[in-house]
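Open your viewer, rotate the model a little, and get ready to click along. We will begin with the chain as a whole and then visit a handful of residues one by one.

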Amino acid sequence: MAEVFISSLDVRLEGRYHQNDNPNAPLALILHPDPQLGETMNNKVVYTLFQTFVKLGFSVLRFNFRGVGRSTGLIDSEENWELADAIIALDWLQNKNMDSKTCWVAGVDSGAFVGMQLLMRRPELNGFVAVSPPAHLHDFSFLTPCPASGVIVQAGAVSAQREAQVAALAEKLNAGRSVRVEYVMFPKSDSYYTNHLKTLYECLCEKIPLLLTKKSKKSGKGMKKVLKAADSV
């Protein structure tokens, strides 16, 4: 894992990057939760996502949004500044890997919201992971229809109402004929997935390859909603 700095016209973003040895390896961009709440790319869930994609053979980048850590610039310095930073990071990642044909975006909480916005703006993105997307705060109706398959994960111990809103979002996105959206809920997990990070890792290591190979077709039995396994770490 290498420390990198990504320069643009108005910001310099601090990141951590893993380069897979295969020049055709798929790519993954990881987005951290709300910088205004003190979150960074070192968030444990973000790091778990990073390690998941490394394990699956991706070249992976996580980074600090502007004004966080050693990233320059000011938080909220322009409209849609998080999305602007995500675009800068994605451009850098793709320019480093010109032969790659597959690219995923993954985000946690507000990072998931930014990731889904990026998904709609960049048609080359083939898949997504959205962990605890803030469906209680933001309107996700722009995802009509959802352009790519992916996985939505939610913690169940935060709020029953919030979990229901995320489940409804997953069901709506999964209604698209050409995509598959897996929904996994951790019933006893808090928003930081305390004691469930290993299970989250194992779950995504199982589900992402299925979506990559498109071997898993939409089931008439509905989405798997509850992950019963508990993590002891």
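For counting charges, Lys and Arg are taken as positive and Asp and Glu as negative, while His and the chain ends are left out. By that count, the chain has 26 positive and 23 negative side chains. Colour the two sets differently if you like: their centres lie 10 Å apart. Keep in mind throughout that this is a predicted model.

**Stop 1: the whole chain**

Switch to a cartoon view. You should find five helices and eight strands. Starting at the N terminus, you can trace them in the order β-β-β-α-β-α-β-α-β-β-α-β-α.

Now zoom out. The C-alpha atoms fill a box of roughly 50 × 35 × 35 Å along the principal axes. The radius of gyration is 17 Å, which agrees with the value near 17 Å that a compact globule of 233 residues would have.

Try a surface view next. The accessible surface comes to about 11100 Å², and carbon and sulfur atoms account for 50% of that. Of the 233 residues, 52% count as buried. Among the contacts in the chain with a separation of 6 or more, 69% are between residues 24 or more positions apart.

**Stop 2: N20**

Select N20, in the loop between β2 (12-18) and β3. Is N20 buried or exposed? N20 is buried, because its relative accessible area is 19% and the cut-off for buried is under 20%.

Show the side chain of N20 as sticks. One of its polar atoms lies 2.8 Å from the backbone nitrogen of N22. Leaving aside residues up to four places away in sequence, N20 touches A25, G57, F58 and S59.

**Stop 3: D34**

Move on to D34, which sits in the loop between β3 (27-31) and α1 (44-55). D34 also counts as buried, at 19% relative accessibility. Which backbone nitrogen does the side chain of D34 reach? The nitrogen belongs to Q36, at 2.9 Å.

Next, display what surrounds D34. With residues up to four places away in sequence not counted, D34 touches E39 and S110. Then select G111, which is 77 residues from D34 along the chain. The C-alpha atoms of D34 and G111 are separated by 6.8 Å.

**Stop 4: R66**

Select R66 in the loop between β4 (59-63) and α2 (81-96). R66 has a relative accessible area of 2%, so this residue is buried. Which side chain shares a polar contact with that of R66? Add D85 to your selection: the contact between the two side chains is 2.7 Å.

**Stop 5: some backbone details**

Click on D109, found in the loop between β5 (103-108) and α3 (110-121). Phi of D109 is near 55°, a positive value although the residue is not a glycine. With a relative accessible area of 27%, D109 is partly exposed.

Now jump to Y193, in the loop between β8 (181-186) and α5 (197-213). Y193 has a positive phi of about 55°, and Y193 is not a glycine either. Is Y193 buried or exposed? Y193 counts as buried, with a relative accessibility of 0%.

For another backbone feature, select P145 in the loop between β6 (127-131) and β7 (149-155). Look along the peptide bond that runs from T144 to P145. This bond is cis, with omega near -5°.

**Stop 6: two exposed leucines**

Stay in the loop between β6 and β7 and select L137. L137 is exposed, because its relative accessible area is 62% and exposed means over 50%. How many Å separate the C-alpha atoms of L137 and N22? Draw a distance line between the two and you will find 40 Å, for residues 115 apart along the chain.

Finish at L9, in the loop between β1 (2-7) and β2. With a relative accessible area of 88%, L9 is exposed as well. Draw one last line from L9 to I88. These residues are 79 apart along the chain, and their C-alpha atoms are separated by 9.9 Å.

Technical notes: Residues are numbered from 1 along each chain as its sequence is written. This is a predicted model: local features need pLDDT of at least 70, side-chain atom pairs count only at pLDDT 80 or more; totals for chains, interfaces and linings use all residues. Side-chain values use heavy atoms; hydrogens and water are left out. Helices (H or I, at least four residues) and strands (E, at least two) are DSSP runs, numbered from the N terminus. The radius of gyration is taken over C-alpha atoms; the globule rule is 2.2 Å times the number of residues to the power 0.38. Buried means under 20% relative accessible area, exposed over 50%, partly exposed in between (1.4 Å probe, protein chains only). Contact means heavy atoms within 4.5 Å. Accessible areas come from the Shrake-Rupley method with a 1.4 Å probe; for residues, only the protein chains shown count as cover. The place of a charge is taken as NZ of Lys, CZ of Arg, CG of Asp or CD of Glu. A polar contact is a pair of N or O atoms within 3.5 Å; within protein, one must be able to donate a hydrogen and the other to accept it, and residues adjacent in sequence count only if both atoms are side-chain atoms.
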